[in-house]
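Visitor: Could you walk me through one part of this structure up close? I'd like to look at the place where the two domains meet.

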Amino acid sequence: MQIIRTKKELSAQVEACKSHGKTIGLVPTMGALHAGHLSLIRRSVSENNVCVVSIFVNPTQFNNKDDFKLYPRTLERDAALLESERVDFIFAPTADEMYTKEEMEESFVFDFGGLDKVMEGKMRPGHFNGVVQVVSRLFYLVRPDRAYFGEKDFQQLAIIRYMVGRSSLKGSFGSLQIVGCPIVREESGLAMSSRNERLSSEERQTAVNISKTLFASKEWAKSMSVREVEQKVTDTINGVEGLKVEYYEIVDGDSLQRTESFENAVGCVTVYCGEVRLIDNIRY
Ligand code: AMP
């Protein structure tokens, strides 16, 4: 396994792989790797000749400076883990390597057909512009056959699919396939997240109530309306000391607009557990 720091070297390695007819899988991450990331990485290793994992805490997708500063960075540990998973390349650039000064400061505005106007997009202005800025750059550099994303970031996955769908009309990313992977949870049910590392052990116990409530809501959905379930999930989580719901919305799994029916519905939640912002979702 090789750790690559520059775009130039990455392009050279990609060129060499392509010239030997090798297929490439890409797993974009911000590091502090856990079993959720590993599920994507294992799938990429098994489905492609070469696996590239990017580790980059992308400044342009953070609208909260503290969140960016406090985001866990554990490159050495991550590298050891990826070596044992038979990953071929880690791409771990600095922000200066990824962006010019103008690109860092300029606010990009992409059109996501309204997918970015709800939930995370509404709460974190500019977040998805930053995500698409970095992900599209990675796609241009790595030119992967497949790229792997977790359903934990449900809205992100929808937006990336939309972006690739539109770009493929212009042939920008070749025949790139976006692969969505199910949420990996701790035994307690808590969705794995790098941000969990910032929870105290007491907060970790408290945070379990998020997934517990989401699971229970599938039962409630048998006898209640969509809006009633939304309200009950919100009230139940807010009723736990130490948790504060930012939003809970039951939306259509494709349009991400609020829905009145449980068909193809996904409930997406964001909760503050102390200072830490956690997200999760469930399919009905
Ligand atoms: P991140 O490092 O948080 O940007 O995540 C990198 C990728 O891993 C994203 O596609 C996430 O959706 C995915 N991911 C993070 N946590 C999980 C999880 N618990 N289960 C499945 N995928 C995950």
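Guide: Sure! Start with the overall layout: the C-alpha centres of domain 1 and domain 2 sit 26 Å apart. Keep in mind that this is a predicted model. The domain assignment puts residues 2-181 in domain 1 and residues 194-283 in domain 2.

Now zoom in on the boundary. Here 24 residues of domain 1 are in contact with 20 residues of domain 2. People often describe how big an interface is by the accessible area lost when the parts come together. For domain 1 and domain 2, the buried area comes to about 1900 Å², and 54% of it lies on carbon and sulfur atoms.

There's plenty of polar pairing to look for, too. Across this interface, 12 residue pairs are in polar contact, both partners having pLDDT 80 or more. The salt-bridge rule picks out 4 salt bridges between domain 1 and domain 2. If you want one to find on screen, try Arg-198 and Asp-67: their side chains form a salt bridge, with N to O at 3.4 Å.

So much for the pairs; next, the side of domain 1 that touches domain 2. Helix H3 (65-70), helix H7 (119-123) and helix H9 (154-169) each bring at least two residues to that side. H7 gives the most, with 4 residues. Sort that side of domain 1 by class and you get 11 nonpolar, 5 polar and 8 charged residues.

Notes
Residues are numbered from 1 along each chain as its sequence is written. This is a predicted model: local features need pLDDT of at least 70, side-chain atom pairs count only at pLDDT 80 or more; totals for chains, interfaces and linings use all residues. Side-chain values use heavy atoms; hydrogens and water are left out. Domain bounds come from an automatic or database domain assignment. Contact means heavy atoms within 4.5 Å. Buried area is the accessible area (1.4 Å probe) that two parts lose on being put together, summed over both. A polar contact is a pair of N or O atoms within 3.5 Å; within protein, one must be able to donate a hydrogen and the other to accept it, and residues adjacent in sequence count only if both atoms are side-chain atoms. Ala, Val, Leu, Ile, Met, Phe, Trp, Tyr, Cys and Pro count as nonpolar, Asp, Glu, Lys and Arg as charged, and the others, Gly among them, as polar.
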